[in-house]
Amino acid sequence: MDIEQRGENAVSDTPSENVVPVPKKPGNNNDGGVETAEEATEPAEPDINELCRDMFDKMAIFLQGELTATCEDYKLLENMNKLTSLKYMEMKDISINISRNLQDLNQKYASLQPYLDQINQIEEQVTSLEQAAYRLDTYSKKLEAKFKKLEKR
């Protein structure tokens with residue numbers, strides 16, 4: 001028998017395949033952390049199995065809560081996106097209305113442009129008449145002054 005065969009036999013012959021090693025209890029032996037054969041083959045205590053089941057149950061509840069919270073976050077985000085989309089649609093409608101109103105105003109301004117040009121022409125003519133009236137007033141004052149001067153002689 002060679003060394004590999006003996007190693008395989010030694011591994012397969014051990015009766016501790018289904019035994020869970022138990023942590024060493026303090027104060028049982030004083031050999032510095034070495035387990036005895038009795039401690040290594042000791043079956044797991046039933047309360048440890050119960051504690052493991054309890055731990056897994058609580059971990060499942062915790063993970064379920066985390067997944068539920070994440071799902072709720074996504075639902076909230078979806079609702080926020082829907083509301084934002086609605087707001088943008090409202091803003092789009094408002095901007096379309098503003099654009100239409102602006103086009104209407106531009107058309108009205110274009111239709112009023114000839115009248116505005118006439119008003120500008122009239123204003124220029126009034127300014128010209130006003131200047132002529134000032135010149136006429138100045139001339140009449142000079143004539144009056146000459147007339148009074150001639151009258152005194």
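Me: Which residues form the positive surface patch?
Reply: In this predicted model, the positive surface patch is formed by Lys142, Lys146, Lys149 and Arg153. Arginine 153 lies in the segment after α3.

Me: What makes arginine 153 exposed or buried?
Reply: Its relative accessible area is 77%. Exposed means over 50%, so arginine 153 is exposed. That value is also over the 30% that a patch residue needs.

Me: Why do Lys142, Lys146, Lys149 and Arg153 make a positive patch?
Reply: Lys and Arg count as positive, so a patch formed by Lys142, Lys146, Lys149 and Arg153 is a positive one.

Me: How many salt bridges are there, and what makes aspartate 54 and lysine 58 a salt bridge?
Reply: The count comes to six salt bridges. For aspartate 54 and lysine 58, the closest N and O atoms are 3.3 Å apart. The cut-off is within 4 Å, so aspartate 54 and lysine 58 form a salt bridge. As for the general idea, side chains of opposite charge can pair when their charged atoms come close.

Me: Where do aspartate 54 and lysine 58 sit relative to each other in helix α3?
Reply: They are four residues apart in helix α3, so about one helical turn separates aspartate 54 from lysine 58.

Me: Why is lysine 58 called exposed and aspartate 54 partly exposed?
Reply: Lysine 58 has a relative accessible area of 52%, and exposed means over 50%, so lysine 58 is exposed. Aspartate 54 comes to 33%. Partly exposed falls between 20% and 50%, so aspartate 54 counts as partly exposed.

Me: How do you know that lysine 141 and aspartate 137 meet in a salt bridge?
Reply: Their side chains come to 3.6 Å, N to O. The limit is within 4 Å, so lysine 141 and aspartate 137 meet in a salt bridge. This pair, too, is four residues apart in helix α3, about one helical turn. Aspartate 137 is partly exposed, with a relative accessible area of 36%.

Me: What about glutamate 144 and lysine 148: what makes them a salt bridge?
Reply: The N to O value for glutamate 144 and lysine 148 is 3.6 Å, and the rule asks for within 4 Å, so their side chains meet in a salt bridge. They are four residues apart in helix α3, hence separated by about one helical turn. Glutamate 144 is partly exposed at 43%, and lysine 148 is partly exposed at 45%.

Me: Which residues make the nonpolar surface patch?
Reply: Tyr109, Leu112, Tyr115, Leu116 and Ile119 make a nonpolar surface patch of about 520 Å². One of them, tyrosine 115, is found in helix α3 (residues 46–152). Its relative accessible area is 52%; exposed means over 50%, so tyrosine 115 is exposed.

Me: How many disulfides does the structure hold, and what is a disulfide?
Reply: The structure holds zero disulfides. In general, a disulfide is a covalent bond between the sulfur atoms of two cysteines. Cysteine 52 is partly exposed at 34%, and cysteine 71 is partly exposed at 38%.

Me: What does the secondary structure come to?
Reply: The protein has three helices and zero strands, following the pattern α-α-α along the sequence.

Me: How much of the protein is buried, and how much area is exposed?
Reply: Buried residues make up 2% of the 153 residues. The protein exposes about 14,400 Å², with carbon and sulfur atoms supplying 59% of that area.

Terms used:
Residues numbered from 1 in each chain as written. Predicted model: local features only at pLDDT ≥ 70, side-chain atom pairs only at ≥ 80, totals over all residues. Heavy atoms only, no water. Disulfide = S-S within 2.5 Å. Buried < 20%, exposed > 50% of the residue type's maximum accessible area, 1.4 Å probe, protein only. Patch = residues over 30% accessible without salt bridge, like charges linked within 9 Å, V, L, I, M, F, W, Y side chains within 5 Å. Areas by Shrake-Rupley, 256 points an atom, 1.4 Å probe, with all protein chains shown as cover. Helix = DSSP H or I, 4+ residues; strand = E, 2+ residues; numbered from the N terminus. Charge placed at Lys NZ, Arg CZ, Asp CG, Glu CD.
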